[in-house]
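Please open the structure in a viewer and keep the selection panel at hand. The tour below proceeds selection by selection.

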Amino acid sequence: MASTEGLVPITRAFLASYYDKHPFTPLSAHVSTLSSQIRSMANDFLTQHPPIQGESILINEADQQPPHKMDENMWKNREYIEETIFLLQSSNWPEALKQQSTADSVEFAITLGKLKDKLHITLKALESFQTKNAEHVFNTVMTYLPQDFRGTLIRQQRERSERNKQAEVDTLVNSGGSIHDRYALLWKQQMDRRRQLAQLGSATGVYKTLVKYLVGVPQVLLDFTRQINDDDGPMEEQRHRYGPPLYSLTSMILSIQLFLSLSWARYDANNLKMEQITVLEQAVDVYTMELERFLTFISEVFANAPFFISAEVAGALEARKNDDYKEINVPAGKTYELMLPYGRYESDQGNFCTLMAGSYKLIWDNTYSTFFKKVLRYKIDCIPPVTESVQSD
């Protein structure tokens with residue numbers, strides 16, 4: 001069981017400083033361009049043939065902004081990819097396309113098969129990302145829990161709960177539930193997990209005592225589960241930094257699904273044209289490439305982001321939000337000790353202070369470990385009476 005002594009839950013200020021070191025290279029400009037083209041082609045179908053029964057729901061969803069939560073966007077991307085793969089399966093093509101009676105339709109069929117395969121690969125990458133991320137979070141949390149029968153019981157309870165959830169999904173599918181129905185259930189289950197965590201962190205009275213002492217959940221972990229999803233909490237910083245590119249990709253795949261859905265329903269009156277297939281092919285290529293790049297990037301960011309930091313680091317970062325610098329007077333013959341975060345802050349170590357009006361020694365004293373991060377401890381000794389300006393190394 002990892003020690004939580006002296007630790008506090010991750011703060012938004014710390015995540016902001018951590019994310020500063022991990023900027024995401026912007027999405028290709030083709031994402032915006034092709035998304036607009038695909039949506040424009042879908043709108044052309046609606047101009048020529050108004051929505052039919054059942055299409056309004058999908059159209060309205062495409063007209064709305066993507067969800068704010070990043071994990072909900074991940075589930076939405078999975079849903080839209082799966083819906084698009086369903087439309088690209090030859091058994092779901094319009095009859096005229098199935099017959100492949102023209103040279104163009106034969107070429108279209110080959111292209112659609114390739115697009116289906118690309119989306120299937122991306123779907124598996126997204127599923128893998130979600131599974132690994134959930135395991136990482138659970139295993140990290142477990143390091144703070146007792147490594148005895150209580151930890152074993154918690155793991156067994158989680159496995160039993162996940163089996164029950166999967167059985168619920170299987171029952172829905174076997175009863176004829178749609179892809180949309182299945183993902184609505186999956187998201188409901190995800191929200192149930194989140195509510196259970198929040199309830200755990202907000203426990204009071206006798207129940208809190210049982211959780212903390214009998215089960216062995218440390219207070220810092222309870223605080224973490226209570227505040228991690230606050231409106232202005234750590235996850236909001238994550239959404240602020242990395243949400244926009246994911247939102248764009250969510251909108252893109254939904255536009256692709258909408259285009260294919262409207263096209264199939266109107267295929268007898270409006271056969272696909274070669275230029276439309278070209279735009280569709282480019283859109284799927286760019287979407288799959290950019291989503292997989294985003295998943296690779298965000299996997300590394302999430303894997304290395306800590307859950308907890310030392311109280312000293314949290315306080316220092318909070319102070320940094322309010323002031324760009326701190327002025328300290330060190331009397332002659334006295335020593336001032338300064339501690340700075342180490343690891344992700346290497347570039348700051350040479351410029352954290354300017355020493356004026358006296359002779360000073362900046363001495364690296366030692367490095368000591370906290371969880372996930374280290375702190376460098378410096379001593380500034382004031383030696384009178386020489387007057388000079390010294391920049392730290």
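The stops run from the whole chain to individual helices, helix pairs and single residues.

**Before selecting**

The model is predicted, so local features need pLDDT of at least 70 and side-chain atom pairs count only at pLDDT 80 or more, while totals for chains, interfaces and linings use all residues. Residues are numbered from 1 along each chain as its sequence is written, and side-chain values use heavy atoms, with hydrogens and water left out.

**Whole chain**

Display the chain as a cartoon. Its secondary structure amounts to 13 helices and five strands; helices (H or I, at least four residues) and strands (E, at least two) are DSSP runs, numbered from the N terminus. The chain has 393 residues, of which 43% count as buried. Here buried means under 20% relative accessible area, exposed means over 50%, and partly exposed lies in between, with a 1.4 Å probe and protein chains only. Among the contacts in the chain with a separation of 6 or more, 81% join residues 24 or more positions apart; contact means heavy atoms within 4.5 Å.

**Helix α2 with helix α11**

Select residues 29-48, which form α2, and then add residues 234-265, which form α11. The two helices pack at an angle of about 30 degrees, with their axes 9 Å apart. Axes are lines fitted to C-alpha atoms, for helices over the stretch in contact, and angles run from 0 to 180 degrees between N-to-C directions. That angle makes α2 roughly parallel to α11. Angles under 35 degrees count as roughly parallel, over 145 as roughly antiparallel, 65 to 115 as roughly perpendicular and the rest as oblique.

The crossing of α2 and α11 is left-handed, a term used if the near helix is turned anticlockwise from the far one by less than a right angle, whereas clockwise is right-handed. Show side chains at the contact: α2 contributes residues including Leu34, Ile38, Arg39 and Phe45, and α11 contributes residues including Met252, Ser255, Leu258 and Phe259. By class, this contact of α2 with α11 has 13 nonpolar, five polar and one charged residues. In this scheme Ala, Val, Leu, Ile, Met, Phe, Trp, Tyr, Cys and Pro are nonpolar, Asp, Glu, Lys and Arg are charged, and the others, Gly among them, are polar.

Now centre on Arg39 in α2. Is Arg39 buried or exposed? Arg39 counts as buried because its relative accessibility is 16%. Apart from neighbours within four places in sequence, Arg39 is in contact with Ile59, Ala62, Asp63, Ser255 and Leu258.

**Helix α2 with helix α12**

Keep α2 and replace α11 with α12, residues 274-304. The angle between α2 and α12 is about 140 degrees, and their axes lie 10 Å apart. That makes α2 oblique to α12. The crossing of this pair is left-handed. Val31, Gln37 and Met41 are among the α2 residues in the contact, and Val279, Ala283 and Glu290 are among those of α12. The contact of α2 with α12 has nine nonpolar, four polar and one charged residues by class.

**Helix α4 with helix α12**

Retain α12 and select α4, residues 70-88. Helix α4 has 19 residues and reaches 27 Å from its first C-alpha to its last, close to the 27 Å expected at 1.5 Å a residue; the expected span is 1.5 Å times one less than the number of residues. Helix α4 is mostly covered, with 16 of its 19 residues buried.

Helices α4 and α12 pack at an angle of about 145 degrees, with their axes 13 Å apart, and their crossing is left-handed. Met70, Met74, Asn77 and Ile81 of α4 meet Tyr287, Leu291, Phe294 and Leu295 of α12. The classes in this contact of α4 with α12 are seven nonpolar, one polar and no charged residues.

Next, pick Lys76 in α4. Lys76 counts as buried because its relative accessibility is 17%. Beyond neighbours within four places in sequence, Lys76 is in contact with Glu61, Pro67 and Thr250.

**Two glutamates of helix α12**

Select Glu292 in α12. With 29% relative accessibility, Glu292 counts as partly exposed. Not counting residues up to four places away in sequence, Glu292 touches Ile121 and Thr122. The C-alpha atoms of Glu292 and Thr122 are separated by 6.6 Å, although the two are 170 residues apart along the chain.

Finish at Glu300, also placed in α12. Glu300 counts as exposed, at 53% relative accessibility. Glu300 and His22 are 278 residues apart in sequence and 9.4 Å apart in space, C-alpha to C-alpha.
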